[in-house]
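Please work through the following exercises with the sequence and the model side by side. Each task is followed by a solution that goes step by step.

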Amino acid sequence: MIIDLTDTTASEIASALLRARRNAGSPAMGMVGTIVVVVDEASHHDAMKAANEAGREHPSRVLVAILRPGRGPSGLDAEVRVGEGIPGEAVLLRLHGELAKVPESVVTPLLLPDSPVVVWWPGGGPRIPAEDPIGRLGRRRVTDAAATRRASVDYTVRAEGYAPGDTDFAWTRLTPWRALMAAALDQYPTTVTGAEVAAAKGNPSADLMAAWLQSRLKVPVEQRTSRGPGVTAVRLFTPTGPIALTRPDGSVATFSVPGQPDRPVALKRRTTAELLSEELRRLDPDDVYAKALAALVERDALPAEAKKVGETARRSSAAKATAAGKKVAGSKSPSAKKAATDSQRSALKKTAAKKSAAKKSAAPKTVAKKSAAAKSVAKKTGAKKAAAKR
């Protein structure tokens with residue numbers, strides 16, 4: 001059901017939502033929270049679609065606010081959607097004139113009572129999300145540094161004004177990368193002498209990844225530019241060879257550990273709806289993100305030489321990896337050696353059995369040939385004696 005309201009108020013929108021639920025036969029609200037999306041007119045369709053898809057996992061009331069400040073008269077237009085293939089409720093709000101400067105006055109009455117509020121800015125977000133009028137309403141405030149042109153400046157300001165509940169999609173995109181690299185060091189504990197992050201130019205996720213690695217491993221982390229898409233490789237240099245996770249095509253990655261064969265890993269670039277769903281699963285403060293922000297500010301203040309991996313460590317790691325590969329290729333495990341020996345013994349036994357069978361089958365033929373020759377000689381001798389008597 002779609003209800004269009006022109007020059008309306010927040011109370012009329014709430015009444016329209018109640019009527020729509022009753023007409024749909026479900027007056028009770030089976031929603032777990034409210035998602036407030038602050039977006040512009042050009043991208044509101046994609047933002048609403050992503051929020052509704054995320055709502056399939058977390059049924060929520062989605063409030064999409066389009067702010068149109070200007071000198072014109074104040075006004076509020078709304079579009080209410082209940083059903084229509086969406087798991088919860090969706091309200092599209094267009095705020096005009098002076099009303100666009102105080103959007104919280106419209107959004108607050110429409111929030112679900114006693115439930116968490118998540119505020120999302122698909123277009124980048126304010127400089128300090130916790131100080132934004134709508135941001136103050138949210139328990140979780142989600143921004144996207146990849147949608148801004150000056151991501152580094154935004155991160156510096158956000159690190160200074162960080163508040164519990166702040167997060168960014170640039171950090172969310174790194175969740176599988178961080179999990180795989182942490183698991184690699186758990187399975188293969190070793191000393192890391194340096195690290196490298198390769199990504200497309202200006203990728204904010206690469207900045208956060210480098211800052212996180214440098215703060216946790218206490219080693220220099222070098223950033224390199226690649227063709228993308230997104231982050232394409234993360235390498236940890238160790239005395240026994242590099243631990244590498246490379247994804248050149250944005251879909252399937254290769255996981256490499258010294259002394260072991262390479263393994264393919266499904267590491268597809270996730271959609272906006274999947275990123276938002278991940279943020280809705282946990283609404284507690286992301287302390288690791290806060291530390292990564294602080295480390296990013298410290299890393300920006302370091303000289304360029306402190307952000308580079310020494311050639312000695314890089315060459316040593318590469319040489320060890322090559323030697324380990326040759327050793328694995330040229331050596332056989334005890335089980336493989338035993339299998340080869342057993343195979344050789346079996347072949348020898350089969351050959352001996354064939355020779356014995358051939359001898360046994362040839363012996364009767366030889367005896368038969370000898371008896372036939374003896375009979376022929378006896379006949380000839382008898383014939384000669386008979387002729388002599390005659």
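A residue is called buried under 20% relative accessible area, exposed over 50%, and partly exposed in between, with a 1.4 Å probe and protein chains only. This is a predicted model, in which local features need pLDDT of at least 70 and side-chain atom pairs count only at pLDDT 80 or more, while totals for chains, interfaces and linings use all residues. Residues are numbered from 1 along each chain as its sequence is written, and side-chain values use heavy atoms, with hydrogens and water left out.

**Exercise 1.** Describe the surroundings of strand 9 (residues 194-199), where helices (H or I, at least four residues) and strands (E, at least two) are DSSP runs numbered from the N terminus.

Solution. Begin with burial: six of the six residues of strand 9 are buried, so the strand is largely enclosed by the rest of the structure. Next, sort the side chains by direction; Gly194, Glu196 and Ala198 point one way, whereas Ala195, Val197 and Ala199 point the other way. This fits a general rule, since in a regular strand the side chains alternate between the two faces of the sheet. Then look for pairing, which requires that DSSP finds at least two bridges between two strands. Strand 9 is joined to strand 11 (residues 231-237) by six bridges in the antiparallel sense, and here alanine 199 has valine 231 as its bridge partner. With strand 10 (residues 221-225) the pairing is parallel, over five bridges, and valine 197 is partnered by glutamine 223.

**Exercise 2.** Is threonine 225 buried or exposed, and which residues does threonine 225 contact?

Solution. First locate threonine 225, which belongs to strand 10. Its relative accessible area is 63%, and therefore threonine 225 is exposed. Contact means heavy atoms within 4.5 Å; leaving aside neighbours within four places in sequence, threonine 225 is in contact with Ala199 and Lys201. Finally, compare chain and space: threonine 225 and alanine 206 are 19 residues apart along the chain, and their C-alpha atoms are separated by 9.7 Å.

**Exercise 3.** Find which residues of helix 6 (residues 175-187) are buried and what they pack against.

Solution. Start with the residues themselves: Trp177, Arg178, Met181 and Ala184 are buried in helix 6. They cover an arc of only 125° around the axis (taken from the directions from the helix axis to the C-beta atoms), which means that they lie on the same side of helix 6. The face turned away from this buried side carries the exposed residues Asp186 and Gln187. As a last step, trace the packing partners of the buried residues, among them helix 5 (169-172), helix 7, strand 11 and helix 9 (287-300).

**Exercise 4.** Which contacts surround arginine 158?

Solution. Arginine 158 has its place in helix 4 (residues 151-160), and with a relative accessible area of 4% arginine 158 is buried. Its side chain makes a polar contact with the side chain of threonine 143 at 3.2 Å; such a contact is a pair of N or O atoms within 3.5 Å, where, within protein, one must be able to donate a hydrogen and the other to accept it, and residues adjacent in sequence count only if both atoms are side-chain atoms. Beyond neighbours within four places in sequence, arginine 158 is in contact with residues including Gly124, Pro129, Asp168 and Leu293.
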